[in-house]
Amino acid sequence: MGDILFENDVFNILLQRYRENKLAHAFLLETNSLDSCYKDLIKFVKYLSCPYEYNDNCDNDNCHNCELLDSGNLPSFIKVDPDGTLIKKGQIQEIINRFQSIPIFSNYNIYVVNECDKLNSSSANSLLKFLEEPEDNILGFYITTNKMNVISTVRSRCQELNVYYDLAKTDYKYSSVVAEYLNSVYKNEDAILYNKVEALNLLSDRSEWIDFFKEMLYILYSYLKNKSNEFNIRLLNEMSDKEIVKIEDLIKSVLKYLQSNGNIELILDKFVLEMRDLHA
Ligand SMILES: [Zn+2]
C-alpha cells in the first residue's frame, strides 16, 4: 500500500523526495479527484521546469517556461488523456518519440498519463521502455481513481501514492445509505440474510453500487484524517485506525470486482464475511 496523502501533500512529498534525491522515475497517484490531483501535480512540474525561484504564480511576462507550460506547449511536458474509452498506442508513441531527445529548457522530460486505468495491454507495453530502463531525465506520473484497475505491468513498476481530497458533506450522495448499510451489517450474525433481503434493494444498479463503495472509502479516509464521525457509523467508534485501514483495502478490492462485472450479491457477501474477520 502506498502512502496516504491529503490535500496539497502531493506537492510537498514530491518536493521533499526531489530535494533528498529520492525521486522515483514513475509514480502511480490514486486519487478521489483527478482534477485536484492534476492541479497539485502541475505545481511540482512547474517547480521543476521554472528557471526562477519557485512561486505559485510565476510572473508569466518574464518566464517563458511557465508560459509554455500554462498554454500546454512546453516541449518537455506531455499530458495524455483517454481518447474515448482508451488511451491508445499512438498517444504513447507520441511521448516516446518526443522524449528521445534530452530536455532543452528544463532538467526533466515529464509525462502524465491521466486515467491510466484506460491503458490497454498494447499501449501499456509501449510504455515499458520508460518503466523498465528509466532514464534519469524522464519522469512519469500515472493518475487513477482506482489503482486496482491499472494494468499490473504498469502498476508494479510505479511508486504508489494515495492522494485524497476532502469532500464537502453535500458532495456525498450516498452517505445515509452507507451509514445504514454499515450499521446494519456490522457485528450482525444475519448479515448475509440482510444482504439478500434488504441491501440489494437499497440501490438499483451497478454504477450506483460503485459510487456507494467509493463514498464509503472517502468517508473512511475523512474519518482517519479528521476524526469526526459525521455520519454516525458505529464501526468507526469501535475499530482501531489499523482495522479501518484494512477495511479500506477491502473496499478497494470490492470496487475492483464491481467494476469487472462480478455478481453484486456475491460481492456484498464477500464484503461482510471479510469485514467479520477484521472485527472478530
Ligand atoms: Zn516560471
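This report describes the overall make-up of a predicted model and then several of its residues in turn.

## Overall make-up

The protein has 280 residues, and 50% of them count as buried. Its secondary structure consists of twelve helices and six strands. Taken along the principal axes, the box filled by the C-alpha atoms is roughly 65 × 40 × 30 Å.

Among contacts with a separation of 6 or more, 75% join residues that are 24 or more positions apart.

## Surface and charge

About 13,500 Å² of the protein is exposed, and carbon and sulfur atoms supply 45% of that area. The protein carries 30 positive and 43 negative charges. The mean position of the positive charges and that of the negative charges lie 3 Å apart.

## Cysteines

The number of disulfides in the structure is zero. Cysteine 116 is in no disulfide, and the nearest cysteine sulfur to its own, at 7.3 Å, belongs to cysteine 158. A disulfide requires the two sulfur atoms to be within 2.5 Å, so a pair at that distance does not count. Cysteine 158 is likewise in no disulfide, with the sulfur of cysteine 116 as its nearest cysteine sulfur, 7.3 Å away. Cysteine 116 has a relative accessible area of 0% and is therefore buried. Cysteine 158, at 11%, is also buried.

Cysteine 66 belongs to helix α3, which covers residues 64–70. Its relative accessible area is 2%, so cysteine 66 counts as buried. Between cysteine 66 and tyrosine 52 there are 14 positions in sequence, and their C-alpha atoms are 9.8 Å apart.

## Helices α1 and α9

Helix α1 spans residues 9–19, and its buried residues include Val10, Phe11, Ile13, Leu14, Leu15 and Arg17. Asparagine 21 follows α1 and has a positive phi, near 65°.

Helix α9 takes in 21 residues, 206–226. At 1.5 Å a residue, α9 should span 30 Å, and the distance between its end C-alpha atoms is 30 Å, so the expected and modelled values agree. Lysine 227 comes just after α9, with a positive phi of about 55°.

## Loop residues with positive phi

Lysine 187 is a residue other than glycine with a positive phi, near 55°. Lysine 187 is placed in the loop that runs between α7 (175–185) and α8 (191–197). With a relative accessibility of 46%, lysine 187 is classed as partly exposed. The cut-off for exposed is over 50%, and that for buried is under 20%, so a value of 46% falls in between.

Asparagine 261 is also a residue other than glycine with positive phi, in this case near 65°. The loop that holds asparagine 261 lies between α11 (241–259) and α12 (264–279). Asparagine 261 has 60% relative accessibility and therefore counts as exposed.

## Exposed residues and their spacing

Leucine 266 is part of helix α12. Its relative accessibility is 58%, so leucine 266 counts as exposed. Leucine 266 is 83 residues from asparagine 183 in sequence, and the two C-alpha atoms are 19 Å apart in space.

Isoleucine 102 sits in the loop between α4 (89–98) and β4 (109–114). At 59% relative accessibility, isoleucine 102 is exposed. Even so, isoleucine 102 is in contact with Asn109 and Asn137, neighbours within four places in sequence being left aside. Serine 76 is 26 residues away from isoleucine 102 along the chain, with 8.5 Å between the C-alpha atoms.

Serine 156 is found in the loop between α6 (152–155) and β6 (159–164). The relative accessibility of serine 156 is 57%, and serine 156 therefore counts as exposed. Serine 156 and leucine 131 are separated by 25 residues in sequence and by 9.7 Å from C-alpha to C-alpha.

Note on methods. Residues numbered from 1 in each chain as written. Predicted model: local features only at pLDDT ≥ 70, side-chain atom pairs only at ≥ 80, totals over all residues. Heavy atoms only, no water. Buried < 20%, exposed > 50% of the residue type's maximum accessible area, 1.4 Å probe, protein only. Helix = DSSP H or I, 4+ residues; strand = E, 2+ residues; numbered from the N terminus. Contact = heavy atoms within 4.5 Å. Areas by Shrake-Rupley, 256 points an atom, 1.4 Å probe, with all protein chains shown as cover. Lys, Arg positive; Asp, Glu negative; His and termini not counted. Charge placed at Lys NZ, Arg CZ, Asp CG, Glu CD. Expected span 1.5 Å × (residues − 1).
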